[in-house]
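Work through the exercises below with the sequence and the model open. Each task is followed by a solution in steps.

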Amino acid sequence: MTARKPTITGIIGGVLFIVYSILRTVLVNDISALSIQTWLYILSFVIIGIGLLTGLNIISVIGTGLTAVVILIWAISDIMNGWGTWQGRLSDISIGVAAVLLMILLLTHMSGSPGSFGQSLDKMWFLPGLVFVIGYLPILFANIDFYFSADGAKFILNILIQWSATFLAGHGVCNRAAVAAAPAAMGTPYAPAYMPQQQAMPPYGVSPVQMPQHPSSSMPQQAPVRMPQQIAPAAQTQSGQIDAGVFEILRKYKTLLDEGVLTQEEFEAKKRSLLG
C-alpha cells in the first residue's frame, strides 16, 4: 500500500467521518438497541476516516465498500418486509450510491496517477456529496415537525456532518491525486521522466558524430530540459512537415506547460529551439 500525502480537505473529511461515528453511538437513547448492521455502518465510516487521514486509498476503499454492502442489505430488507417509506428508502439508496461513487474516485487514484479517465472524474469530485444531499431532501421535507425535537436536532446534526464529510472526502481525494500525478507522470523540472530515454540516442536528423563531446568535463551530467541547438535543422523534413520525433517532444513540453511545470516563456523558448 502506497500512502499519499493527505490534503487539508481530506484530513477534515476524515475527522468528520470519525466524529460522526462517535456521535452516532453517543447520541442514541439506547446503545444496546443498535443492530449489527448499524454497528457495521458506523465501523465503515471509521475506516473511511482512517484512510483519508493516513492517505491510504485502499483503506478508504474498504470502508466505502462496506458502507455500500450494509446499505444494500438494509434496502433489500426494507423492500422484502415492506418497512419504511419511499423517502426513507431513497435516502438509504443515496448513501449507497454516494459510497460507490467515492469508491470509484479512490480506485482511479489508487496509484496516485489518475490517468485521463481519473482526471475527467476529478472535475466531478462533488458528485458523491451531491447525490447524498439530493437523496435525503425528500425525507427531510416529509418530517419537518420532527426536527424541532431533541431527537430531530441530533438527526440533523448527524446528516450535516455526513454531508460535509462526503464533500470534503471527494475534494481531498481528487486534489491529492492531481498534485501527485504531475511529478509521477512527467517528472520534475530538473529531471523530466522522459529525458533519460532521449539522451540515450541522438535526436532525429543528427548523426552521432555531430553530438557535442565533453571528454574533459568532470561535472556530473544532468538531463537538461533545454534541447541542444543541433536539432533545429531536423525540426522539418524535406516536405516541410514537422518530424514525428520532434513533434512528440514538443507535445511533452506542452503537457509540462499545462501541468504548470514550465512557464509560457520557457515553453516558447524550447519550441523555438526545436523548430528553428
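**Exercise 1. The largest pocket**

Task: State how much space lies in the largest pocket, and describe its lining.

Solution.
Step 1. The largest pocket of this predicted model holds about 760 Å³ of space. On a 1 Å grid over the protein atoms alone, a pocket is an open set of points with protein on both sides within 12 Å along at least five of seven lines, and lining residues have an atom within 4 Å of a point. Grid points are joined across faces, edges and corners, and a volume is the space filled by probe spheres set on the points.
Step 2. The lining has 31 residues, and Y20, R24, D92, Y136 and F155 are the closest to the pocket centre.
Step 3. At least two lining residues come from each of helix 1, helix 2, helix 3, helix 4, helix 6 and helix 7. Helix 7 gives the most, 6 residues. Helices are DSSP runs (H or I, at least four residues), as strands are (E, at least two), numbered from the N terminus.
Step 4. By class, the lining of the largest pocket divides into 17 nonpolar, 9 polar and 5 charged residues. Here Ala, Val, Leu, Ile, Met, Phe, Trp, Tyr, Cys and Pro count as nonpolar, Asp, Glu, Lys and Arg as charged, and the others, Gly among them, as polar.

Conventions: residues are numbered from 1 along each chain as its sequence is written, and side-chain values use heavy atoms, with hydrogens and water left out. The model is predicted, local features need pLDDT of at least 70, side-chain atom pairs count only at pLDDT 80 or more, and totals for chains, interfaces and linings use all residues.

**Exercise 2. The cavity**

Task: Count the cavities of 30 Å³ or more and describe the lining of the largest cavity.

Solution.
Step 1. A cavity is a set of grid points where a 1.4 Å probe fits but cannot get out. The count is 1 cavity of 30 Å³ or more.
Step 2. The largest cavity contains about 90 Å³ of space.
Step 3. Its lining includes F17, F45, I48, I95 and F132. Helix 2, helix 3 and helix 4 each give two or more residues to this lining, with the largest share, 4 residues, coming from helix 4.
Step 4. The lining of the largest cavity has 8 nonpolar residues, 3 polar and no charged.

**Exercise 3. The nonpolar cores**

Task: Identify the residues that touch the most other members of the largest nonpolar core, and the elements that build this core.

Solution.
Step 1. A nonpolar core is a set of buried Ala, Val, Leu, Ile, Met, Phe, Trp, Tyr and Cys residues joined through side-chain atoms within 4.5 Å. Buried means under 20% relative accessible area, exposed over 50%, and partly exposed in between (1.4 Å probe, protein chains only).
Step 2. The largest core has 27 residues, of which F17, Y41, L52, I95, F132, Y136 and W163 touch the most other members.
Step 3. Two or more core residues come from each of helix 1 (8–26), helix 2 (36–54), helix 3 (57–81), helix 4 (86–108), helix 6 (127–142) and helix 7 (150–186). Helix 7 supplies the largest share, 6 residues.
Step 4. A second, separate core has 10 residues, among them V246, L250, L257 and L274.

**Exercise 4. Two residues**

Task: Decide whether I36 and H109 are buried or exposed.

Solution.
Step 1. I36 lies in helix 2. Its relative accessibility is 68%, so I36 counts as exposed.
Step 2. H109 sits in the loop between helix 4 and helix 5 (115–122). H109 is buried because its relative accessible area is 1%.
Step 3. The C-alpha atoms of H109 and V173 are 7.6 Å apart, although 64 residues separate the two along the chain.

**Exercise 5. Confidence**

Task: Find which element has the lowest mean pLDDT and which the highest.

Solution.
Step 1. pLDDT is the predictor's confidence in each residue, from 0 to 100. The protein averages 75, and 70% of the residues score at least 70.
Step 2. Helix 8 (residues 195–199) has the lowest mean, 44, and helix 2 the highest, 93.
Step 3. In residues 214–219 the pLDDT is below 50, and this stretch has 0 contacts beyond near neighbours in sequence. A contact means heavy atoms within 4.5 Å.
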